[in-house]
Amino acid sequence: MDYLLKASAVLTIFYVCYIWFLQRETFFNSNRWFLLIGQFFAFLLPLLVIPIYVTVAPEVFKASSRSNMPITAASVATLPSIETVLIWIYIAGVVFFFGKFTINILSLSQLVRSQPSKKMAGIYYTETTNTAAPFSFFNNIVYNPHNFSAKELELILNHERVHVRQWHSADVLISQLSCVVLWFNPVSWLYKKAVQQNLEFIADGKTQSKAKCQQSYQRLLLKVSLPTKHQELVNSFNSSLIKKRIYMLQQSKSNTLKSWKYALLIPVLALFLMSFNTQEVYISEATFQAQNSSKKHIVTASTSDADLAKIESDMSNTHVVLKFSDISRNADNTIREIYIKTKHSGGSRYNKRVTVKNDKQKTIKPFSLQLTANKQDILFQFSDDEATLVAKDRITFGKEATTRLGTQKTLSEADGLGENPLYIINGKTYRKETLKHPAHFTTAKSITIINKKEGLKRYGAAGKDGVIIFEGISGFKTLDTATTKPHAGEAKPLILLNDEEITREKMDSIDPKTIIKTDVITNAAELEKYGSKAKDGVIIISTGDTDTKLMEIPENPLILIDGKEATQNDMQAINPENIQNVRVLKPEMAKATYGKKGTHGAILVTTKP
């Protein structure tokens with residue numbers, strides 16, 4: 001019964017939308033399909049159930065104690081329930097109306113077969129002496145030629161031919177069968193009447209468009225409007241509501257912009273589905289977790305190449321592809337070092353994302369790999385409290401994890417980075433040359449990658465090869481030493497801060513926001529005045545009170561390269577190795593120095609001689 005009530009509700013929704021919004025429009029053919037689809041939806045939509053999964057904790061039931069009390073059966077007289085009575089009433093109604101439907105089909109077939117007919121262009125024309133109004137049923141047209149003049153008969157036959165050629169009898173049969181199934185719903189009978197009426201509108205419009213005199217066709221409708229007997233399952237020329245048919249014939253064609261009214265049905269049906277066609281599905285928490293999590297793969301020092309290949313196959317899909325590379329093994333075939341590469345959707349090449357190596361031991365620690373719930377990222381985990389999420393543009397760590405940056409680029413052009421990206425660690429900036437030894441980086445949060453275009457926009461020339469930002473408290477050390485002190489034999493330039501000699505450690509502690517100017521001197525002639533301490537070069541740093549942020553470039557600044565005006569393209573084309581000094585002037589200072597040209601600030605670039 002629940003299904004029948006839902007079917008009746010859907011049919012009612014279509015009928016109300018038709019009466020309120022579409023009945024007065026001249027979209028007769030569109031209305032035909034609207035009404036036809038409505039009947040199919042009425043019986044199909046109730047079958048569509050939207051599941052709502054509810055996880056429940058499994059319950060443990062204890063066995064009850066067994067009783068020694070004797071059990072006796074008692075007979076209880078039961079009466080049929082109300083639901084049972086209603087079901088039998090419904091079945092009786094279906095049998096009655098289906099029997100009536102069958103009788104009408106048989107009587108109609110007998111009427112057509114009892115009279116001689118002529119076949120022309122695939123249509124059977126049957127003349128009868130019956131006083132019934134002309135009608136058509138599929139490819140049969142039945143009429144009494146003695147009741148009409150030749151002109152009237154031509155209009156009538158044109159009308160019925162429209163019904164035949166457009167298979168209107170199928171619409172009538174479908175609506176009648178809907179009434180048989182939903183006989184208890186008054187709307188189903190009104191729906192059938194609306195279907196037949198709209199079919200008459202279609203035939204009337206086609207016939208009148210071909211008639212030489214439109215008024216003569218409307219007078220013909222009035223002539224045959226007198227009560228006559230006609231079959232229930234046919235398209236009768238003398239259908240009821242003649243006044244409305246004539247009214248629709250006189251209506252001007254509706255504006256096609258009004259066709260938006262059909263879309264009003266969509267939210268109503270969606271609301272119906274979400275309100276009445278949902279079903280709660282209860283599953284245990286263990287089952288839910290098993291269905292919504294991918295398989296976890298464990299990699300240990302003893303994992304073979306075949307096992308790694310299987311993990312690559314299981315972990316790869318259309319969104320992300322996993323690959324192990326640069327696998328170093330010990331003499332006993334245990335893994336000493338391994339790289340994890342990924343290629344995400346839209347990427348053309350693999351990128352090294354994580355390097356696994358244990359500096360304290362000769363073998364790697366066991367770790368697990370698992371696809372995330374959305375199957376687009378990879379969860380890399382050493383232990384329960386240390387997880388790393390490897391996504392397309394970010395590596396997010398759990399509590400604290402370690403990644404490695406070697407002498408080769410870990411992140412490639414596919415990540416939008418150039419050859420010499422800017423590194424920002426604990427708010428300080430570094431270049432690859434200052435990290436030229438393989439180094440371990442430890443970060444508490446995440447690594448953000450900014451591509452070249454965005455890096456240039458945010459950080460100016462310093463970010464033209466992209467920026468890698470270590471977010472959260474981060475630290476790094478070289479593989480050979482525990483700090484960033486220079487190695488033996490490494491160049492040790494003289495470092496001057498505001499004309500005072502400082503150590504490399506103190507230089508690393510300078511707040512970049514306070515730096516006004518930095519000069520690097522490598523010319524032998526210029527180094528002589530600084531003595532033997534300057535044999536490896538001189539770094540001159542000038543700081544002061546300034547609000548100018550590091551490499552914050554104003555929009556549309558004046559650019560001067562070695563004193564000559566240039567464009568941003570000219571500045572970006574300079575090899576960073578050839579730049580001796582870059583100075584950024586705020587708009588106030590630039591305007592005072594260069595006039596109107598310095599309104600938006602200035603960038604002064606000095607190249608090496």
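Here are three short exercises on the structure above, each with a worked solution.

The model is predicted, so local features need pLDDT of at least 70, side-chain atom pairs count only at pLDDT 80 or more, and totals for chains, interfaces and linings use all residues. Residues are numbered from 1 along each chain as its sequence is written, and side-chain values use heavy atoms, leaving out hydrogens and water.

**Exercise 1.** Find which elements give two or more residues to the largest nonpolar core.

*Solution.* Start with the term: a nonpolar core is a set of buried Ala, Val, Leu, Ile, Met, Phe, Trp, Tyr and Cys residues joined through side-chain atoms within 4.5 Å. Buried means under 20% relative accessible area (1.4 Å probe, protein chains only). Next, look at the largest core, which has 32 residues. The elements to list are α1 (2–22), α2 (28–44), α6 (186–210) and α9 (265–276); helices are DSSP runs of H or I with at least four residues, numbered from the N terminus. Finally, α1 gives the most, with 10 residues.

**Exercise 2.** List what Tyr191 touches, not counting residues up to four places away in sequence.

*Solution.* Recall that contact means heavy atoms within 4.5 Å. Tyr191 is among the residues with the most contacts inside the largest core. Its partners are Leu11, Phe14, Tyr15, Phe34, Leu35, Gly38 and Gln39.

**Exercise 3.** Locate Asn185 and decide: is Asn185 buried or exposed?

*Solution.* First, find the loop between α5 (168–181) and α6, where Asn185 sits. Then check the relative accessible area of Asn185: the value is 9%, so Asn185 is buried. Lastly, leaving aside neighbours within four places in sequence, Asn185 is in contact with Ser8 and Thr12.

Definitions and conventions: Buried means under 20% relative accessible area, exposed over 50%, partly exposed in between (1.4 Å probe, protein chains only).
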